Amino acid sequence: MAGAGKQHKITLDESEMPTRWYNVVHDLPTPPPPPLHPGTGQPVGPDDLAPLFPTELIMQEVTGEQYVDIPEEVLDVYRLWRPSPLFRAHRLEAALGTPARIYYKYEGVSPAGSHKPNTAVPQAYYNARAGITKLTTETGAGQWGTALAFACAQYGIDCEVWQVRASYDQKPYRRLMIETFGGTVHPSPSELTAAGRAILAEHPDSTGSLGIAISEAVEIAAQDPSTNYALGSVLNHVLMHQTIIGEEALLQLAKIGETPDLLVGCTGGGSNFGGLMFPFLREKWAGWMNPEVRAVEPSACPSLTQGTYAYDFGDTAGMTPLLKMHTLGHDFVPDPIHSGGLRYHGMSPLISHLYETGEIGAVAKPQSECFAAGVLFARTEGIVPAPEPTHALAAAVEEALACKESGEEKVIVTALCGHGHLDLPAYGAYLEGKVTDTGWDDAELQAAVAEALTRLPALA
Ligand SMILES: *Cc1c(COP(=O)(O)O)cnc(C)c1O
């Protein structure tokens, strides 16, 4: 065929887009421990969550059904950018001289430039349908705020975002994008909430954290019956919405007759990782394939590899239910590394549970190694990745180089969960040699986590 060369891009037609999300809870060998009410120590019920979330999302949070149909009104918005492409990284492979075949599922084609709209859109939809007129949320790097502002605009509801002060100051373009989509942005900590005022009274120069921003957004939503709260990661329903990534990738790999040997993804709260991995884990448990699944986190915020598996709050002020997860302690403030989306003290309970039960592995990477992989990727594949997925790329590169040594033709699949067009100052810092690596002394970190956990309410 004229012009037929290497196939770089494996696409699906709109008509081939999956119409159901996959709920991994249905197929787990053992169920994950439930969230607990901090006051009673009992599992939280739907009534406890009703001040913050609409009924349909609460049901999705607790359902044991294997699949949930995606509403037509959501599919219609997804079709603006989905199905997203799967690429074979031929040029990266050539640069590495590896016999491995590397594939990446690219979520940077979305309106926000990341995977976040996959859940922002259904969350805004279910809230709007329940008569909610405003959603509050937190944002770190700004990707979640951007996604939610876009999603709220689709269904005609307001969006108010507390952005971590450090990013608010360093990343004005994210704020402008949120405002362009119609959202309102406050730097966090702010004077608008009791949680924010308490932090500012003690630390007037606080640069904020995701945990503090969550406390502020939750506080505002809890006070107003027409306002709800939306979380961009961590919770079961969020990871379920992201499974459209993995369902599409399965179809794309099947089209070219490939099965993965290794799946790698970056983990902040675990949503892009779970979204890619869960459908593959289902196939693995069914005996159709046997890939190794590996999470990659930053050395500066190593919740899986160095955190403790325990009940902890999802936020700093202690307003959320207690979640059984890998945590660095709810008041942990990581160093201001460039991957803002990976600076969260905890990890999704589902991902934590899968790690604990040995279904997935995890490694931590220092950011300079990740930027090196990101720059190599940009120069070979032509996409500047967001700093977060460069963690997964660094692990993919490491594996591909090991294949070069061993001669193994492994099939490696990763989620390139966002582009880095608004993260160019971070690349600038790297190119100028100004990116430094921080890690944690294990004993010191364990002591700090243990100390933070003593400040939790006693559980019955
Ligand atoms: C938010 C974000 C992350 C981290 O969140 P997860 O829930 O772990 O996926 C990673 N990458 C990008 C591009 C993000 O926007």
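Where is the place of V234 in the chain? In this predicted model, V234 sits in the loop between β9 (227-229) and α11 (236-255). Its phi is positive, at about 70 degrees, although V234 is not a glycine. Most residues other than glycine have a negative phi. V234 has a relative accessibility of 4% and therefore counts as buried, since the term applies to values under 20%.

Two cis peptide bonds were also examined. Most peptide bonds are trans. One cis bond joins R82 and P83, with omega at about -10 degrees. P83 belongs to the loop between α3 (72-78) and β4 (86-88). Another cis bond runs from S188 to P189, and its omega is near 10 degrees. P189 is placed in the loop that lies between β8 (184-188) and α9 (194-202).

The record for this chain was then compared with the model. In an unreviewed entry, UniProt lists residues 80-418 under the name "domain: Tryptophan synthase beta chain-like PALP". Over residues 80-418, helix makes up 44% of the chain and strand 19%. The end C-alpha atoms of this stretch are 16 Å apart.

Helix α12 covers residues 271-285, a run of 15 residues. At 1.5 Å a residue, α12 should span 21 Å, and this agrees with the 20 Å that separates its end C-alpha atoms. The helix nevertheless has a bend of about 35 degrees at M277. A proline, P279, follows M277 within four residues. Helix α12 is mostly covered, as 13 of its 15 residues are buried. Just after α12 comes G287, which takes a positive phi of about 90 degrees.

S299 is located in the loop between β11 (292-298) and α13 (303-306). The relative accessible area of S299 is 14%, so this residue is buried, the limit for that class being under 20%. When residues up to four places away in sequence are not counted, S299 touches Q306, A364, K365, P366, T438, G439 and W440. S299 and V363 are 64 residues apart along the chain, and their C-alpha atoms are separated by 8.7 Å.

Methods
Residues are numbered from 1 along each chain as its sequence is written. This is a predicted model: local features need pLDDT of at least 70, side-chain atom pairs count only at pLDDT 80 or more; totals for chains, interfaces and linings use all residues. Side-chain values use heavy atoms; hydrogens and water are left out. The expected span of a helix is 1.5 Å times one less than its number of residues. The bend at a residue is the angle between axes fitted to the seven residues ending there and the seven starting there. Buried means under 20% relative accessible area, exposed over 50%, partly exposed in between (1.4 Å probe, protein chains only). Contact means heavy atoms within 4.5 Å. UniProt positions are given in the numbering used here, feature names are shortened, and annotations may be inferred rather than shown by experiment.
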